Amino acid sequence: MTTTIGLEIHVQLATRTKMFCGCSTAFGDEPNTHVCPVCLGLPGALPTLNAEAVHLAITLAMALGCEVHEVSEFSRKNYFYPDLPKSYQITQFDCPIATGGTVPIVTVRGARNIRLTRAHIEEDAGKSIHAADITLGGETLVDFNRCGLPLIEIVTEPDMQSGDEAYEFLRNLRRLVRWLGVSSGDMEKGAMRCDVNISVSPDPALRGTKVEIKNLNSFRSVKRAIDYEEQRQAQYLTDCTPIMMETRHFDEVQGTTTAMRSKEASNDYRYFPEPDLPLLQLDPAELESLRAQMPEVPWETQSRFERDLGLSPYDAALLTEERSTAEFFQQTVALYDNPKKLASYMGTEVTRLLNERGKTLAETQLTPTALAGLLAMVENNAISNTASKDVLPLLVDTGVTPVEAVKNLGLEQVSDTSAIEGFAHEVMVENPTQVEQFRSGKEAVLGFLVGQLMKKSKGKANPKLAGEVLRTLLKP
Amino acid sequence: MSSELPHTLEQYRRAVRAHELSAEEYLDETWQRIEHGDHQVRAFLHLRLDAARPDAQAAVPLSPLAGAPIAIKDNIMMAGERCTCGSRILEHYVAPYSATVVQALLGAGAVVPGKTNLDEFAMGSSTENSAFFPTHNPADLTRVPGGSSGGSAAAVAAGFALGAIGSDTGGSVRQPAAFCGVVGFKPTYGLVSRYGLVAFGSSLDCIGPITRTIRDAAIMMNIMAAHDPKDATSVKRPHVDFEAALQPTLAGKRVGIIRELKGLDVQPEIAAAMEAAREAAVRSGASIVDVSLPHILSALPVYYIIAPAECSANLGRFDGVRYGLHVDGRDMIETYSKTRNAGFGTEVKRRILIGAFVLSAGYYDAYYKKASSVRQLITDEVDTALQSADVLLTPTTPTTAFRLGAVTDPLEMYKADVFTIPADLAGVPAVSFPAGKDATGLPIGLQLMGPRWSDAELLSSANVLFTALGGES
């Protein structure tokens, strides 16, 4: 059985105001408080295009490697629904703002590029709240705060073959939109939504009947719905039950899909060019300057970290999940030239502390200079690795320099040989039995003696040096 | 108050500025005329004397309109006033905001006596498609005033207002102006903001003034023509003083006569008026040139595909969910269906159905797309013709005002738009001005079209012909 999957993803562009009016895009406010004649579709009102939305859309399209078109066109998509106040959605149809592009994914089956068909900009509809949600005796209420929010819809080629691949695609796309700051990518707040097209065929050369799945509210739901649908269609094929071309609804509780409406009876959307908006013409010079300002995309940064800095794929992925983390890492590595050690330290100690604090790197006081300084102190034996774990919270919470923090905590490592010799002599005098045992060839007691020395130095002695000094003094 | 009341905006403004007349006195006078005459003409859907009086009292004599009564077609929003579009579906709808043009007029000192009748959603050529009542032509009460801005044209002709605004999608300002013997101007598409005009055919809709004289139209255009950031199809242009641009001569101008329209069946008195206008043009220093627009006769069918297509989408919002008429059904679809069936009249339904059909899968290419291509062709031809001529002269209508109820076949009614539609399709400015009367004393209107953005020059040329044919300067 061959499974073929294509995705349609709606990403909400992180603008301050809506796509065609000046209303706020704030999420979670009282219903119907961010509305005006334009987004309510009142008679006589007209749309005007939000330049910021176009800018964000172009940024994302360029990062995806799409061809951005200098001229694109808005169209009306006509259908009746209570949450669509104009009875049409302003979208792009024949001439979208961008076509082509790819998103790379890595799964157990290896690395592949998922091709994109197109990306177009459009407005969101309002939100219908049905009786099931609100116990209002069969009523449906509509919140138009969401109506007119700017979206970019990304349509993939049918290039994916499993739920895992779709999951990885979405994770990578979300990493990109957040990296670029074009969207929060937050699926729970509806800032990223995904519909799945899936078909299963016994013959790899032929495409099966396409089924669309909707109501997918998390990446995990996307994967679960695909896994379920894959099995359902395979079972139908085995049983010779015909698969209907239809839209199916994912039930999150049951983990199953159920038929919503058949595609044959679907709407004729009667698309035609939106007469209220002129053609969207982009200035080639502006496009060029945008292109020049484009940041490196996360998957490029990730492979550069692996290739040039020798990081493991795991560490490189972790450090490129957020752009601020990657930038922090790069600034730190410029001051502390041990990328592997830095990556591992950030991946363990720093990450653990951030998780404890429930903060992102940017929300703490930790600076690249401080972290590089701390790691250099460990490297130069100024403090022990263990002691650094006590220092780090101070750097994160207060922003003091590592030298100050070490001083405040009294953690300077003693690497002065004469001082350590003093401790060593005391230890040898207090533990004659163990000294004798060592001298008669029982080398293992050295560890005990080093431990005694560390205790005497209150942990500040450089343990490596302590061992060396003891060994020299114990020689008969 | 002087016994000779001003009957043009220009005279009125002069009288008020000379303190021979106050806005309030003139409003009273206007109100008496309305009370005396509107029960027969029925130009207004709603009157607002109580609200208009304080506006008149507060009018600043030195403001551009100095408190002149200006009527507003009832498909243009004026905050706090009903805006019915002549339809049952919006019978009780109160505008929550004002159209940009209305704001500009009020800001310039207009006093609004009321909102005027129209064919439902501006679809019609006689104002008989109003869901409430037909308007009668003040020149002959048994005749239609034309449409769809029939109420606005009748109000100006009857002296119920010194000026009015209407909307022109296929001739809806010019044709009623011609029928009622007043001036109607459709500006270049994009010159006047559409924000607050209830959309019919968005790519065609223009708001334009209806006045007694061309000079009055120029006075109103000075207020109405402005770039509006709320309308993405509104265009930023250098400022033009329409009134100052009025010249007394046509010297050096080329007046084009469209070859393909010569064979059309036109009422003999209108043909004679065309001849008189030609001669007047020559006397005023113009030359006459013959121009060809090979596809101009396709304008009518092209229009009756594109305008319904756009209206089918524009009128979808009237679904009874958020405002307007609501008729309950068993479910959502039946509620939509019952609401729209009860709320819309026959002509509106016909156009919505035509529009949905020409946009539907399988017919889009053959109808909407084809019509769009032919529209471009006609536009190009108009542009080309307007390179070899400065203005194009045509009749505004094939006949003078017909009797109420006389035209029942929709196709016959559509034909009344044959001369006006090309300017809408091409987006060029066109003005209808009175040019005499027919044998029964009904007004005749002639039309001048000009190149895009030549609005001020076009009004100037029209003013020369208008005054040469007996109109008031």
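In this predicted model, strands β1 and β3 (residues 114–116) of chain B pair in the antiparallel sense over 3 bridges. Within that pairing, B:His46 has B:Lys115 in β3(B) as its bridge partner. The two strands belong to an open sheet of 11 strands in chain B, and the points below start there before turning to a helix pair in chain A and to the contact between the chains.

**The sheet in chain B**

- Reading across the open sheet, the strand order is β1-β3-β2-β4-β6-β5-β10-β11-β9-β7-β8, and the pairing is mixed.
- At the edges sit β1 (44–47) and β8 (287–291) of chain B, each of which pairs on one side only.
- On average, neighbouring strands of this sheet are turned by 30 degrees against each other, with direction ignored.
- Helix α15 (residues 455–468) of chain B packs on the sheet, where this helix touches β5 (183–186), β9 (391–395), β10 (430–437) and β11 (443–449) of chain B.
- The direction of α15 in chain B makes about 5 degrees with that of β10(B).

**A closer look at strand β2 of chain B**

- Strand β2 (residues 70–73) of chain B is covered on both faces.
- On one side of β2(B) are B:Ile70 and B:Ile72, on the other B:Ala71 and B:Lys73, and all of these are buried.
- β2(B) and β3(B) pair in the parallel sense over 2 bridges, and here B:Ile72 has B:Lys115 as its bridge partner in β3(B).
- B:Lys115 is thus a name to look for twice, as the bridge partner of B:His46 and of B:Ile72.
- β2(B) also runs parallel to strand β4 (residues 163–168) of chain B, joined by 3 bridges, and B:Ala71 stands opposite B:Ala164 in β4(B).

**A helix pair in chain A**

- Helix α9 (residues 339–357) and helix α11 (residues 385–398) of chain A pack at an angle of about 55 degrees, with their axes 11 Å apart.
- α9(A) and α11(A) are therefore oblique to each other, and their crossing is right-handed.
- From α9(A), the residues A:Glu349, A:Leu353 and A:Arg357 meet A:Lys389, A:Leu392, A:Pro393 and A:Val396 in α11(A).
- Sorted by class, this contact of α9(A) with α11(A) has 4 nonpolar, no polar and 3 charged residues.

**Where the chains touch**

- Chain A has 24 residues in contact with 31 residues of chain B.
- On the side of chain A that touches chain B, the residues divide into 14 nonpolar, 5 polar and 5 charged.

Definitions and conventions:
Residues are numbered from 1 along each chain as its sequence is written. Chains are lettered from A and ligands numbered from 1 in the order in which they are written. This is a predicted model: local features need pLDDT of at least 70, side-chain atom pairs count only at pLDDT 80 or more; totals for chains, interfaces and linings use all residues. Two strands pair if DSSP finds at least two bridges between them. Helices (H or I, at least four residues) and strands (E, at least two) are DSSP runs, numbered from the N terminus. Axes are lines fitted to C-alpha atoms, for helices over the stretch in contact, and angles run from 0 to 180 degrees between N-to-C directions. Two residues are in contact if their C-beta atoms, placed from the backbone, lie within 7 Å. Angles under 35 degrees count as roughly parallel, over 145 as roughly antiparallel, 65 to 115 as roughly perpendicular and the rest as oblique. A crossing is left-handed if the near helix is turned anticlockwise from the far one by less than a right angle, and right-handed if clockwise. Ala, Val, Leu, Ile, Met, Phe, Trp, Tyr, Cys and Pro count as nonpolar, Asp, Glu, Lys and Arg as charged, and the others, Gly among them, as polar. A residue is buried if 20 or more other C-beta atoms lie within 10 Å of its own, exposed if 12 or fewer, and partly exposed in between; C-beta atoms are placed from the backbone.
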